[in-house]
Amino acid sequence: MPDFFINGQPVHAEKGQTVLQAALAAGFYIPYFCWHPNLSVAGNCRVCVVEVEGENGGENWSEIACNMPISEGMRVLTDSEGVRAQRKQTLQFILLNHPVDCGICDKAGECMLQDHHYAYNGEPSVSTVPKVKATKYHELSERVVLDNERCIVCSRCVRFTREISKSHGLGIQNRGDHSLVRATEDGRFNRDAYSDNVVDICPVGALLAKNFLHKARVWYLQATPSVCPGCARGCTVNLWHRKREWKLNALDPKQNTEIARVTPLENAEVNGPWICNKGRDLAAIFERPRALQPLLKGRPASLDEAAGAARRLIDEAKRPVALVSSWGSNEELAALKARLGGRVTSFVKADHLPAPGEVLEDELLIRADKNPNTATAQQLFGSAPVAFPDGTDLVLVWGEGFDFTRLPRGAKLIYLNSYLAPENGHADVFVPISIQTERAGSYTNFQGHSSRFERCLPKPAGVIDAEMFFANLAVAAEVA
Ligand code: SF4
Ligand code: SF4
């Protein structure tokens with residue numbers, strides 16, 4: 001493996017690494033826009049320029065670090081006076097037509113152009129010619145809009161659709177300062193199930209997600225590590241929500257407790273740096289109207305009364321059955337197994353089935369099983385299809401997805417659900433349970449990787465964690 005020198009310090013490099021890769025791995029900072037660790041090298045932004053020291057007294061020369069293979073003994077300067085001067089000129093060039101409208105840009109606070117500008121340029125434009133005007137709001141798809149004036153034509157978004165999502169949905173029209181990123185006319189980008197990743201990888205604020213457009217400044221938000229429950233891949237994500245210290249008092253208070261956006265949480269073993277668009281829309285799943293009131297045959301009750309009634313029903317049942325949620329966390333599933341596993345016959349059900357028009361499965365991330373924890377649920381409770389034994393006189397249904405017309409005639413019903421549903425009021429005992437954002441836990445994906453999610457939003461009054469509810473049922477299990 002070659003050893004080379006960065007700023008006079010010996011650095012070990014892996015075979016085939018470029019100067020940029022080896023420098024970043026060794027902790028040396030080199031700025032870049034168009035380079036991305038998961039995309040091919042384009043080498044068009046030129047800001048990663050470094051100086052290579054000439055051999056045997058020869059002159060130093062400049063080269064872009066992203067496309068320069070390392071050779072044994074090579075000596076590279078990443079922050080020399082010459083390098084800084086070239087980067088300054090490159091940034092002046094990149095900013096020639098950029099509107100610098102950071103004050104109204106969703107990328108402000110996360111923008112690589114802001115960061116590199118202040119690190120290497122920091123001066124007003126040297127140009128006396130008016131900036132080229134372009135489309136400020138161009139819809140690339142139903143989900144993604146483009147501000148052409150902010151685009152620095154790095155081609156990351158185009159390469160993403162060619163190399164990662166494979167939709168080939170984006171291209172660049174025209175040349176020079178008339179270059180425009182555009183979607184192909186056949187709607188491929190609109191159908192790209194991973195299209196929103198281009199918003200993350202756009203180094204500037206040119207690509208914007210419609211579901212986050214002008215919604216919040218990012219410095220008011222906090223990211224909590226979580227797991228997407230949208231399918232058995234279990235992609236790790238960041239759930240962005242309002243920081244407590246920036247709580248809104250005057251505007252809609254719902255904004256303090258809602259998910260503002262979802263972004264990938266890079267995870268080499270599960271999803272790399274990507275997620276699908278369904279993962280971006282978790283707010284639509286989590287923020288459905290909630291069930292907040294325990295009920296006994298439709299009559300409001302306290303959580304204690306509901307737990308007591310559930311205990312009595314389990315005590316009295318001769319042949320109780322539990323339908324286990326494949327959205328339960330590892331911890332909740334273990335609690336159910338520990339407390340009731342020997343008392344009830346259990347079947348794992350699919351809480352969610354593919355929605356009409358949803359991508360069923362593909363070769364990148366999306367899995368046909370639209371539940372996050374089928375693996376652990378089946379490991380603990382088996383994979384037999386739901387079949388009620390003769391004489392079933394009590395059914396505990398945990399979570400969504402059960403067709404209540406299949407309930408055995410005359411059987412009592414204990415129902416644990418988080419959302420408003422017509423069946424809630426018909427159950428003998430209805431218990432409103434917390435959702436993933438209101439508790440911590442973990443899921444195990446179809447490959448056996450366990451990923452943890454943290455609590456990020458407060459649990460509403462009247463709601464209990466399923467794990468706690470199962471613990472309360474222990475008395476019944478032990479008595480039986
Ligand atoms: S829209 Fe963003 S990612 Fe695409 S070419 Fe322009 S700057 Fe690069
Ligand atoms: S691939 Fe599955 S787990 Fe990953 S973001 Fe999409 S729905 Fe969620």
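His 168 is partly exposed, at 38% relative accessibility. This residue of the predicted model sits in the loop that runs between helix H4 (156-163) and strand E8 (170-173). The phi angle of His 168 is near 50 degrees, a positive value in a residue other than glycine. A second histidine, His 214, also has a positive phi, near 55 degrees. His 214 belongs to the loop between strand E10 (207-209) and E11. With a relative accessibility of 57%, His 214 counts as exposed.

The loop that holds His 214 leads on to a sheet. Strands E11, E12 and E13 form this open sheet, in the order E11-E12-E13, and the pairing is antiparallel. Strand E11 (221-227) and strand E13 (259-264) are the edge strands. Each has a single partner strand, so one side of each is left without a neighbour in the sheet. Neighbouring strands of the sheet are turned against each other by 30 degrees on average, direction ignored. In general, strands of a sheet pair through backbone hydrogen bonds, either parallel or antiparallel. Seven bridges link E11 to strand E12 (residues 236-242), in the antiparallel sense. Within this pair, Leu 221 stands opposite Arg 242 in E12.

The edge strand E13 contains Arg 261. Arg 261 is buried, with a relative accessible area of 13%. The side chain of Arg 261 makes a polar contact of 2.5 Å with the side chain of Glu 110.

Ligand 2 has a shell of residues from several stretches of the chain. Cys 228, Gly 230, Cys 231, Gly 234 and Cys 235 are among them. The shell also includes Ile 275, Cys 276, Lys 278 and Gly 279. Leu 365 and Ile 366 belong to the shell as well. By class, the shell around ligand 2 divides into seven nonpolar residues, three polar and one charged. Cys 228, one of the residues around ligand 2, is buried at a relative accessible area of 8%.

Cysteines bring up the matter of disulfides. The structure holds zero disulfides. Cys 105 offers an example of an unpaired cysteine. The closest cysteine sulfur to that of Cys 105 belongs to Cys 111, at 6.4 Å, which is too far for a bond. Cys 105 is also buried, with a relative accessible area of 6%.

Strand E3 (residues 49-52) is covered on both faces. Val 49 and Glu 51 lie on one side, Val 50 and Val 52 on the other, and all are buried. E3 pairs with strand E4 (residues 61-64) through four bridges, and the two run antiparallel. Trp 61 in E4 is the bridge partner of Val 52. E3 also pairs with strand E5 (residues 75-77), again antiparallel, through two bridges. Here Glu 51 stands opposite Leu 77 in E5.

Strand E20 (residues 429-432) shows a similar alternation. Val 429 and Val 431 point one way from the strand. Phe 430 and Pro 432 point the other way, and all four positions are buried. Strand E19 (residues 412-417) joins E20 through four bridges, and these two strands run parallel. Tyr 415 stands opposite Phe 430 in E20.

Two helical residues complete the description. Leu 282 is part of helix H8 (residues 282-286). At 0% relative accessibility, Leu 282 counts as buried. Leu 282 and Leu 239 are 43 residues apart in sequence, and their C-alpha atoms are 9.0 Å apart in space. Val 83 is part of helix H2 (residues 81-94). Val 83 is buried, with a relative accessible area of 1%. Between Val 83 and Ala 291 there are 60 Å, C-alpha to C-alpha, for 208 residues along the chain.

Technical notes: Residues numbered from 1 in each chain as written. Chains lettered and ligands numbered in written order. Predicted model: local features only at pLDDT ≥ 70, side-chain atom pairs only at ≥ 80, totals over all residues. Heavy atoms only, no water. Near = heavy atom within 4 Å. Nonpolar A, V, L, I, M, F, W, Y, C, P; charged D, E, K, R; others polar. Pairing = 2+ DSSP bridges. Axes fitted to C-alpha atoms, helices over the stretch in contact; angles between N-to-C directions. Disulfide = S-S within 2.5 Å. Buried < 20%, exposed > 50% of the residue type's maximum accessible area, 1.4 Å probe, protein only. Polar contact = N/O pair within 3.5 Å; in protein donor to acceptor, adjacent residues only side chain to side chain.
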